[in-house]
Amino acid sequence: MASELQISTAVIKELSSIVGPANLFTGPEELVAYSYDATRTAALPAAVARPVTAREVSQILLLANRRRFPVIPRGAGTGMSGGSVPVRGGLVLSFERMNRILEIDERNRMAVVEPGVITGDLQREVEARGLFYPPDPASQQFCTLGGNIAECAGGLRAVKYGVTRDYVLGLEVVLPTGEIIETGSRTLKSVAGYDLTRLIVGSEGTLGVVTRIILRLLPRPESVETLSAFFPHIRDAGLAVAKISAGPIRPRALELIDSGAIRAVETYLKQDVSRGAGAMVLLEVDGSPQATASEAGALERVCREAGAVSVTRAADKSEQDRIWKLRRSISPALYTIKPRKINEDIVVPPARVPDILAEVQDIARRHGLLIVCFGHAGDGNIHTNILLEEAERPQAEEAVKEIFAAVLRMQGSISGEHGIGITKAPFLPLETGEQALEVMRKIKRALDPNNILNPGKIFLNAE
Ligand code: MLT
Ligand code: ZN
């Protein structure tokens, strides 16, 4: 097992000679800056290195195995499950200098990037060339593609376009033991051996360090229509979502926001868009202008039939941006309600969305807790956020257990897009069962025999 002790002065010297003294931080303020993620959980690393090549990463991992210290890869720290928090100290590997878009291959619709590229920067760059990279986590303007790969990030458009793993064709990966391998290929299909690309995507930085990424792109849709529908009650909004999910139209976003989340974000952004509505559904369709116009009309009708009191279509791009800014600001807005937030990303089969919403409301009522629900209801992925004072933690922890039990009863999953990290590690066996979990541990041990890469994540105990 990797040592939990701080890194020795001799090791710091060796690290400094690998990345250069300007790219090795050990000062207290710098360490604090790399100690937390969006869960607001924090643990101080002993040092932070900013490598610029796969070779440097390899040298660092070889050293970590020799001297047995933990190495924690980190993108922009926007993760929601503690994946980049250095819970056992050690060295944080930050990819802010590996942030180049190396190539955009327009003919084959592919991009080759380094892990520190900001997701939104790649999106803008490819869209300017008539191309499209669909995965769009709410934090797309800050998060990195390396972090998206580590957690297999989803986002608002996953309901139509899928998640990060659906766009990764190949990777360059430094294994925990220092070897540099390439997975996948620059082709749209390949069955040459085990799918190591898929094994690495979503492995939460525990099986290898990604140093280069080949991404699949799509043609940019010609037209996009965005609608906001307001409902008196969350139940009606849930039914509208279930009806649309089962229908013939595939919106590219189908988001549901409950009254608690609406009020929080309206206060945070000082806007009143909902006029006191009990729930809001945001929809977006893309395609040809004729298709989007007729689909938007059909979706509007479904929402009205389900009880929507008003449905508005965004008139132009700036109105669309305003709606999505509101949606993407929910997460930070919720921190202004109570000092603590337990944010889950449960996912159920789409038709069970109304059931899980009712169940969560019931759990909130029984425990006297404020639980806010919002998110990607179109693919069944709901962010249940328990907002609490520290004194309410015991009830909140009980509520989390009950929510997960309900999700698993409905054949759902405890994590749709944020990963297991540290926050959900105690619950993973409930979903996978002991034998599947042991297969995962065996893979971890085979690739990382000394448990130096991101230890303490996914498994309560990997050793
Ligand atoms: C979102 O969809 O806004 C993100 O996944 C963040 C969150 O769950 O708070
Ligand atoms: Zn989300």
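Select ligand 1 and the side chain of H376 in this predicted model. An oxygen atom of the ligand sits 3.1 Å from an N or O atom in the H376 side chain. Next add E417, where a polar side-chain atom lies 3.1 Å from an oxygen atom of ligand 1. Then add H418: here the distance between an oxygen atom of the ligand and a side-chain N or O atom is 2.8 Å. Show the surface as well, since the protein covers 95% of the 260 Å² of accessible area that ligand 1 has on its own.

To see what provides the surroundings, display M80, A138, R327, S331, N343, F374, H376, H383, E417 and H418 around ligand 1.

**The zinc ion**

Keep H376, H383 and E417 on screen and select ligand 2, the zinc ion. Which atoms are its protein donors? They are NE2 of H376, NE2 of H383 and OE of E417, at 2.0 to 2.1 Å from the zinc ion. Along the chain, these donor residues follow the spacing H-x6-H-x33-E. H376, H383 and E417 also belong to the residues that surround ligand 1.

Are the two histidine donors buried or exposed? H376 has a relative accessible area of 3%, so it is buried. H383 is also buried, because its relative accessibility is 3%.

**The nonpolar cores**

Now move to the largest nonpolar core, which has 55 residues. Select F231, V281, L283, C303, I356, I382 and I386, the members that touch the most other members. Then colour helix α14, residues 393-409: the largest share of this core, seven residues, comes from there. In soluble globular proteins, nonpolar side chains tend to be buried together.

Centre the view on L283. Leaving aside residues up to four places away in sequence, L283 touches E225, T226, L227, I244, A253, L254, L299 and C303. Another core, of 28 residues, lies apart from the largest one; L122, V168, I213 and L217 are among its members.

**The loop at P350**

For the last stop, select P350. Where is P350 found? P350 is in the loop between strand β16 (340-347) and helix α13 (353-367). With a relative accessible area of 32%, P350 is partly exposed, because that value falls between the 20% and 50% cut-offs.

Display S245, G378, D379 and G380, which P350 touches when residues up to four places away in sequence are not counted. Finally, draw a C-alpha to C-alpha distance from P350 to L428: the two are 22 Å apart in space and 78 residues apart in sequence.

Notes
Residues are numbered from 1 along each chain as its sequence is written. Chains are lettered from A and ligands numbered from 1 in the order in which they are written. This is a predicted model: local features need pLDDT of at least 70, side-chain atom pairs count only at pLDDT 80 or more; totals for chains, interfaces and linings use all residues. Side-chain values use heavy atoms; hydrogens and water are left out. Helices (H or I, at least four residues) and strands (E, at least two) are DSSP runs, numbered from the N terminus. Buried means under 20% relative accessible area, exposed over 50%, partly exposed in between (1.4 Å probe, protein chains only). Contact means heavy atoms within 4.5 Å. A nonpolar core is a set of buried Ala, Val, Leu, Ile, Met, Phe, Trp, Tyr and Cys residues joined through side-chain atoms within 4.5 Å. Donors are N, O and S atoms within 2.8 Å of the metal (3.2 Å for Na, K and Ca); water is not among the atoms, so sites may look incomplete. A residue is near a molecule or strand if one of its heavy atoms lies within 4 Å of it. A polar contact is a pair of N or O atoms within 3.5 Å; within protein, one must be able to donate a hydrogen and the other to accept it, and residues adjacent in sequence count only if both atoms are side-chain atoms. Accessible areas come from the Shrake-Rupley method with a 1.4 Å probe; for residues, only the protein chains shown count as cover.
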